[in-house]
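Biologist: Please take a close look at the open sheet of this protein and at what packs around it. I would welcome one connected account, with the cut-off behind each term.

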Amino acid sequence: MEDKIIGNAIKNQIPAAFILVLLLIFLNFWAVQTLSARLQDAVAIPIFNASISPSQSNVKAQYAGANIVIITIDTLRADHLGCFGYERNTTPNIDSISAEGFLFSQAYTSRSLTGPSLTSLMTSLYPITHGLRDNGYVMSPKIDTLARILQRNGYQTAAYNAYHCNKKRFGFSHFFCALNNDQKVASSAINWIKKNSEKRFFLWVHLFSPHAPYEPPKGYDIFKPLGYSGPDYSTKKSIYSIKADSPTLPKGDIDRIVSLYDAEVRYADDQVGRISKALEDLSLDDNTIIVILADHGEDIYEHNKYLFHGCSIYDSSLHIPLIFKLPDKASKGMNDDGIVEIVDVSPTLLELIGLPSPTHFQGTSLLPVISGDGKKAKNQATVAELKAKIFSDRPIHCQASGSNGGTKRSPLEPMPSAFVIISAKCTIAGSNGSLYF
Ligand SMILES: [Zn+2]
């Protein structure tokens, strides 16, 4: 009633045209506020502004114009690579690249699930920010990606993917997919390199073979334990007969399963070797930055969680390899054991080629660490897990996202293997590490 009286009083005193102007201003304000609220429902903070951080505007262009090749290997645990100390010869090609590059021995993914983690890689945003909290989610096209940034700076961009064929294109101008066919993906990527060798390019190759089921191609089942006579586990039906919560398997069975996983790792490694050799044969290796990492690992046998990731925050699922090989091998054989994150990859690459990172990036450039000027990597990582039962083998400090947009982090105990879980409905985990949302 009071509003109506005031409205009538104003109407009697102010010309109709002025009221119309006021109405238009109000409608405009309402529309902006409503749209803003909806965007904030979809993503935790505004991330669509590709403005440049003043503090990063004078980055040194150490490798300006260099090509970039990112090779991600699905479900590749860091501790099953030779360069991470694994006893089997699973990764001779990656080991060679690592020997000529910089190895981060404590790199962690943002979520042990392909879609969210690869999106973090390509956007430098945590899952709670980019909004992909499961494989079925679709990323807003308004979110900037590494591919789009490089494209705007004169790069040819192409993705060759053995998984997520239709959904996760991340702004690449050329996208090729051969589902679960690493050899075809690598061959096609090599052909694309040959066709684009005269151009400045950004190539992303995603290999998939270490992901279950473990069906190594003929000639790759080379780690089979001698004398093993139990179930074979080398078929989809037999391996998937094991549930995530199966009773403890006999050691011989676990050894057999691990041998199959390792065989798939070796197969993926051979594809990495083919791509690396193609770059060398084309004399592109001295003008190409190569990055090798995984989207997540796998709980193959620990904690009675067989063939399990996605909701795991065990190290076996979160600890990933991360290797940078620079064109001039300036960081040959170097490494750092500080905790770094998958969201750090994109800002590192941009700084390496002399491009500033957008202000909305949540990762930190690792160039100060790679360049060997004495700086150490930060010692903390963030994992975003939502709408899922979470498994962990350490006490978890939990922190609700708030008005800061969910980016707040804090150091945890025990360090350095500690994580913050960011969630609007987060609760404190018990000492057994089980956490429920
Ligand atoms: Zn994956």
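Modeller: The account below begins with the overall make-up, then turns to the sheet, the core and one long-range helix contact.

This is a predicted model, in which local features need pLDDT of at least 70 and side-chain atom pairs count only at pLDDT 80 or more, while totals for chains, interfaces and linings use all residues. Residues are numbered from 1 along each chain as its sequence is written.

The protein has 12 helices and 11 strands; these are DSSP runs numbered from the N terminus, helices being H or I of at least four residues and strands E of at least two. Buried residues make up 46% of its 437 residues, a residue being buried if 20 or more other C-beta atoms, placed from the backbone, lie within 10 Å of its own.

The open sheet has 8 strands in the order E4-E3-E5-E1-E6-E7-E2-E8, with mixed pairing; two strands pair if DSSP finds at least two bridges between them. Strands E4 (174-177) and E8 (334-341) stand at the edges with a single partner strand each, so one side of each has no neighbour in the sheet. From one strand to the next the twist averages 15°. Within the sheet, E6 (residues 288-294) and E7 (residues 319-325) pair in the antiparallel sense over 4 bridges, and Val-291 stands opposite Phe-324 in E7.

Helix H7 (residues 182-195) packs on the sheet, touching E3 (156-161), E4 and E5 (201-207), and its direction makes about 170° with that of E5. Angles run from 0 to 180 degrees between N-to-C directions, and axes are lines fitted to C-alpha atoms, for helices over the stretch in contact. Contact requires C-beta atoms, placed from the backbone, within 7 Å.

The largest nonpolar core holds 91 residues, of which Val-205, Ile-289 and Val-291 touch the most other members. Such a core is a set of buried Ala, Val, Leu, Ile, Met, Phe, Trp, Tyr and Cys residues joined through C-beta atoms within 7 Å. Helix H9 gives the most to this core, with 10 residues. Not counting residues up to four places away in sequence, Val-205 touches Ile-71, Tyr-160, Val-185, Ala-186, Ala-189 and Ile-275.

Helix H3 (residues 92-99) packs against H9 at about 50°, with axes 7 Å apart. That makes H3 oblique to H9, since angles under 35 degrees count as roughly parallel, over 145 as roughly antiparallel, 65 to 115 as roughly perpendicular and the rest as oblique. Among the residues making this contact are Ile-94 and Ile-97 of H3 and Val-272 and Gly-273 of H9.

How values were computed: A residue is buried if 20 or more other C-beta atoms lie within 10 Å of its own, exposed if 12 or fewer, and partly exposed in between; C-beta atoms are placed from the backbone. Two residues are in contact if their C-beta atoms, placed from the backbone, lie within 7 Å.
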